[in-house]
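Me: I'm new to this structure and would love a close look at a single part of it. Could you pick the core and walk me through what surrounds it?

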Amino acid sequence: MSAPETAAETTDVRALMGGEQANRVSNTKRNEAERKLNFWERIYLIEIFKGLVNTFKMMFRPSTTIDYVGTKSEDNQRHVPAVGYRGEHYLKVDEKDNIKCVACYMCSTVCPAECITIVGDETDVDQFGAQRFKAPEVFEIDMLKCIYCGMCVEACPKDAIAMTTTYNQVGTKRGDFIFDKNRLLKNNDEFMESLGLARSGKDKDGRFPLSPDGCGPDVTHGLQPFRQGVRQDGA
Ligand code: SF4
Ligand code: SF4
């Protein structure tokens, strides 16, 4: 530390030193007071007994904690996430039950936490049609790294990934928080069922309320003529 250069700084340092000295004196006094504990206080038996009496008294009082998720809670005690809440992710499927993700890696590229792992695979033409070249063979999100920013959802050009309102995540080991493709598809199924929607997100009126423009599985809706044709060799 450099030496004080002005009178004001010198005064400050002295005041500080004076304060430290005062603290030392007050600590000494406190220590002296603590040394005056009598025999019974020093063996803590009475204090332990007092603590146990307090514990037993509390055991018969109504619980002050609430089951904020489960059935034991009152309606007004449950946490109901607002629309747009960013909970666990889910991977969407189209009306043919095919995963919508085209393994373009945009979500994993934009993810600031680098917690998305994708391995793309060539699609089967019979199952996916001629316009779908790729789908993820592996799609994993490390939920322990995720910061729930929602950037993956924003970046996706195919409306293939989104977030549920599920916030209560419980696991007994780290592996429980690596969400693979099956887990993310299961999230989709459970979330759609909870909202009374079909697996593809379609409602009774044939709309897709969870898709950005409501147009549903095909976000290139309106460009249908450009999607005709057959896959070329080597494409
Ligand atoms: S919510 Fe954010 S941190 Fe989590 S996977 Fe998506 S982009 Fe990554
Ligand atoms: S979820 Fe969307 S952004 Fe991510 S790889 Fe699939 S299509 Fe691309």
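Reply: What follows is a tour of the core, the elements that build it and the neighbours around it.

Let's start with the setting. This is a predicted model. The protein has seven helices and five strands, and along the sequence they follow the pattern α-α-α-β-α-β-α-β-α-β-β-α. Of its 235 residues, 18% count as buried. Contacts that reach far along the chain are well represented: among those with a separation of 6 or more, 64% join residues 24 or more positions apart.

Now to the core itself. The largest nonpolar core has 23 residues, and L91, C101 and I161 have the most contacts inside it. The elements giving two or more residues to this core are β1, β2 (116-122), β3, β4 (161-163) and α7.

C101 is a good place to stand and look around. Leaving aside residues up to four places away in sequence, C101 touches L91, A135, P136, F139, K158, A160 and I161. C101 also belongs to the surroundings of a ligand: 13 residues surround ligand 2, and the closest are C101, C104, M106, C107 and C156. By class, that shell around ligand 2 divides into 12 nonpolar residues, no polar ones and one charged.

The other ligand has a shell to set beside it. Around ligand 1 there are 13 residues, of which C111, A113, C146, C149 and C152 come nearest. The shell of ligand 1 holds 12 nonpolar residues, one polar residue and no charged ones.

Two of the core's strands, β2 and β3, also belong to a sheet. It is an open sheet of three strands in the order β2-β3-β5, with antiparallel pairing. β2 and β5 stand at the edges with a single partner strand each, so one side of each has no neighbour in the sheet. Seven bridges join β2 to β3. If you want to find this pairing in the view, look for T117, whose bridge partner in β3 is E140, and for E122, which stands opposite K134 in β3. On the other side of β3, two bridges join it to β5, again running antiparallel. There, D142 stands opposite I178 in β5.

The helix that contributes to the core is α7, and it deserves a closer look. α7 covers residues 181-194, and its 14 residues should span 20 Å at 1.5 Å a residue; the end C-alpha atoms are 20 Å apart, which agrees. The buried residues of α7 are R183, L184, N187, N188, F191 and M192. Why might a helix bury residues with that kind of spacing? An α-helix has 3.6 residues a turn, so residues three or four places apart point the same way. The cover over the buried residues of α7 includes β1 (89-91), β3 (134-142) and β5 (178-179). Just after α7, G196 takes a positive phi of about 75°.

For contrast, take α3, which spans residues 45-59. Its 15 residues should span 21 Å, and the end C-alpha atoms are 21 Å apart, which agrees. None of the 15 residues of α3 is buried, so this helix lies largely in the open.

Finally, let's visit the loops. The one between β1 and α4 contains D94. D94 is buried, because 20 other C-beta atoms lie within 10 Å. D94 and A160 are 66 residues apart in sequence, yet their C-alpha atoms are 9.1 Å apart in space. A160, you may recall, is one of the residues that C101 touches.

Y105 is in that loop between β1 and α4 (106-110) too. Y105 has a positive phi of about 70° although it is not a glycine. That catches the eye because most residues other than glycine have a negative phi. With 15 C-beta neighbours inside 10 Å, Y105 counts as partly exposed.

E114 also has a positive phi, of about 50°, without being a glycine. E114 is found in the loop between α4 and β2. With 10 other C-beta atoms within 10 Å, E114 is exposed.

To gather the threads: the core draws on β1, β2, β3, β4 and α7, and C101, one of its best-connected residues, is also among the residues closest to ligand 2.

Note on methods: Residues are numbered from 1 along each chain as its sequence is written. Chains are lettered from A and ligands numbered from 1 in the order in which they are written. This is a predicted model: local features need pLDDT of at least 70, side-chain atom pairs count only at pLDDT 80 or more; totals for chains, interfaces and linings use all residues. A residue is near a molecule or strand if its C-beta atom, placed from the backbone, lies within 6 Å of it. Ala, Val, Leu, Ile, Met, Phe, Trp, Tyr, Cys and Pro count as nonpolar, Asp, Glu, Lys and Arg as charged, and the others, Gly among them, as polar. Helices (H or I, at least four residues) and strands (E, at least two) are DSSP runs, numbered from the N terminus. The expected span of a helix is 1.5 Å times one less than its number of residues. A residue is buried if 20 or more other C-beta atoms lie within 10 Å of its own, exposed if 12 or fewer, and partly exposed in between; C-beta atoms are placed from the backbone. Two residues are in contact if their C-beta atoms, placed from the backbone, lie within 7 Å. A nonpolar core is a set of buried Ala, Val, Leu, Ile, Met, Phe, Trp, Tyr and Cys residues joined through C-beta atoms within 7 Å. Two strands pair if DSSP finds at least two bridges between them.
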